[in-house]
Number of protein chains: 2
Amino acid sequence: MPITKFVMPEVIFGKDSLEQAGEACVRIGAKKALIVSDSGVAGSGWLEKVIQSCREAQLSFSAFIDVTTNPKDSEVEAGCRTFIDQECDAIIGVGGGSALDVAKGIAILATNGGRIRDYEGVDKIHSPLPPMVMVMTTAGSGSEVSQFSVIVDSEREKKMTIISKTLVPDIAIIDPQTLMTKEADLTAMTGMDVLTHAIEAYVSIAATPLTDVQAKNALTLVSRYLRPSVASRTNQEAKEAMAMASLQAGLAFSNAILGAAHAISHAIGGKHLLPHGEINAILLPYVMEYNLIAAPRRFAEMAELMGVDTRGRTQREGGNAAIQFVRELSADIGTPRRLGDVGITREMIRWIASTALEDACMITNPRDMSMAQITQLLENSL
Amino acid sequence: MPITKFVMPEVIFGKDSLEQAGEACVRIGAKKALIVSDSGVAGSGWLEKVIQSCREAQLSFSAFIDVTTNPKDSEVEAGCRTFIDQECDAIIGVGGGSALDVAKGIAILATNGGRIRDYEGVDKIHSPLPPMVMVMTTAGSGSEVSQFSVIVDSEREKKMTIISKTLVPDIAIIDPQTLMTKEADLTAMTGMDVLTHAIEAYVSIAATPLTDVQAKNALTLVSRYLRPSVASRTNQEAKEAMAMASLQAGLAFSNAILGAAHAISHAIGGKHLLPHGEINAILLPYVMEYNLIAAPRRFAEMAELMGVDTRGRTQREGGNAAIQFVRELSADIGTPRRLGDVGITREMIRWIASTALEDACMITNPRDMSMAQITQLLENSL
């Protein structure tokens, strides 16, 4: 085995854990925190609880809640101005992937300067970041534990993947109660994002035993609990399981990186600003079919973790059963099945394909991909 | 689920990873490191490689290599004097559990003052510790990733268990090659220690899904690879698997804590200075028998992970199969089977029992234990 690294934040998980946000931030040396969030989280009441925890911990703070879905470079820059103007020295992100990724982007610019596009790619950040506490309110992105931040470059109309160990927050707070205020369609699409993280990390060429245990458990949990979580906003067992699945899938992909589904999804999401989880849900079975010959044993193991009886089947048959399971899950919870359903047309494919081939996530995809092959995959999924 | 926390260091794992020790220490801000180790590690050549890595990273250092097995408070105090006299600002531990636990003890005294016994128990450390890099050279203690340090109190002749999140090192380096210089009997007893960590963490009342995935994988790896690792010093696959098992069992017990086997083992080890892994190897099946009624499902799951076919068996039968597996493993690799074999006598039991009941590890044992019950268990294992 070559030398591998694994890094994760301190994790605080459980009901009411978000009430510890202020205290956690003080513990890592903060005097004044910038709270980064979005209007949806503010409306749900969770942001207020975090603010209350700052007051109780006697932590000064400012707030920047102008984050949008598929967050843009301009939001990061605006947030950074607030951080500097308000003389903050730490960051608390509160929300789903968008808020947390902007929080990380602000942290980068606050101590490293320049523009956010300067940091696209792997290991481009050189100065230490301010202390970061990330409060996750969506079982999806895994950003609360990951070394990733994904920000839209407005000029180039593409998502930039920024990967650096310094983007791993100091403390991640995951309170499953926050999932109870989410609409079913958001639960469905973010849940499919979790599944995509787990599957891409498990077959990544950078997977290790430390990422495998996380990916496998996440896969098992999503297989069992995503349907009931979509079915009911108040199913506490399902929400806890999906919060844990999101966390574990995040730990897996943060350290094993991802694959072609995310590379393509970043390309589409940056240009057309469609929901990330929805695009992943569409792409996942097509990418699994393409990747199957690269790791038949691992795909067959996935089927077992999904609860499929694979006795007497070849690895290839087991792998196909896993793909079928994903298709049925997607149908059951109502995520879209084809790129055409969300407005992607044949004319867009060339740009999407060439942009995806440049994405950092493509490097760890288990099967090589040529322009012809990715074009074919995209045409199949139209 | 109540609020739970999980914390671990950055991990660097793989062949030749110990050559990164110096650079890792510089990365976390060290100007001059105290290298803490023992004469066995120095003799094996691994210490020299770490020293070479410091030179290459242009990191100044002093060395303290007077650590013994079952390390004592006096060693920690002597090491701390060297740390202060030599104006060190960081610590590199190199070795098995003893060297790493002393390294942690020195870190405590360096910034918190007083005597090491002041910190016995849970969360008694208040000032931040110097940066710590731990280089593991024995697949056993898990100290390179854990929030534990176990030090003998010479006056009271007992092992003190010190547990604090601040004892989690900044960086853990695990190079499986270091296991190739170990004698078979050391491989056997430290391997049984790994197994004890995995099993006690899996049935601990503080277990969580995050500790479970680590404990289960560690259990699977030990079941498959401890025999071949004892059989051959040069079986690279077995050494890598046992190094990973040790790491994962360490992550599990660091966050889920342990149980009665460790509580008793600490009592015996502090008084009679017997090898920790050897005592655990003896106690483990007796403690499993005692704990079986507290968690029959979990014990049956262990049997499956050990490769036992549990179909058609009750949970209790499955649990008994796991206990039988441990007994056979111990017999195969030649670790002692009874306390009488290592010099423990009936007269010693009363002191051992009362001391063990006070150990911090007893708190998370899944079945309550009275003085009469622990005495009976010890008599059974004589």
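Author: Two strands pair if DSSP finds at least two bridges between them. Strands (E, at least two residues) and helices (H or I, at least four) are DSSP runs, numbered from the N terminus. This is a predicted model: local features need pLDDT of at least 70, side-chain atom pairs need 80 or more, and totals for chains, interfaces and linings use all residues. Residues count from 1 along each chain as written, chains are lettered from A and ligands numbered from 1 in written order, and side-chain values use heavy atoms, without hydrogens or water.

Reader: Which residue of β10(B) stands opposite B:E10?

Author: B:I171 in β10(B) does. Strand β2 (residues 10–13) of chain B runs parallel to β10(B), and 4 bridges pair them.

Reader: In β10(B), what is the bridge partner of B:V133?

Author: B:V133 is also matched with B:I171. Strand β7 (residues 132–136) of chain B and β10(B) are parallel and joined by 4 bridges.

Reader: Which residues lie on each side of strand β10 of chain B?

Author: Buried means under 20% relative accessible area, exposed over 50%, partly exposed in between (1.4 Å probe, protein chains only). B:I171 and B:I173 lie on one side of β10 (residues 171–174), B:A172 and B:I174 on the other. All four are buried, and both faces of the strand are covered.

Reader: Is B:R311 buried or exposed?

Author: B:R311 counts as exposed because its relative accessibility is 61%. The loop between α11 (296–305) and α12 (315–333) of chain B holds B:R311. Its side chain makes a polar contact (N or O atoms within 3.5 Å, a possible donor with an acceptor; sequence neighbours only if both atoms are side-chain). The partner is the side chain of B:D309, at 3.0 Å. B:A33 is 278 residues away from B:R311 along the chain, and their C-alpha atoms are 54 Å apart.

Reader: How many residues of chain B are in contact with chain A?

Author: Contact means heavy atoms within 4.5 Å. By that test, 31 residues of chain B touch 31 residues of chain A. Buried area is the accessible area (1.4 Å probe) lost on putting two parts together, summed over both. Chains B and A bury about 2600 Å², 57% of it on carbon and sulfur atoms. B:M1, B:I3 and B:L210 supply 23% of the area chain B buries against chain A, more than any other three residues.

Reader: What turn lays chain B on chain A?

Author: Superposition is by least squares on C-alpha atoms of residues with pLDDT of at least 70 in both copies. A turn of 180° does it, with a shift of 0.0 Å along the axis and an RMSD of 0.0 Å. The two copies are therefore related as by a two-fold rotation axis. Both copies use the same surface: 100% of the contact residues of chain B recur in chain A. Of chain B's residues, B:V213 comes closest to the rotation axis, its C-alpha at 3.0 Å.
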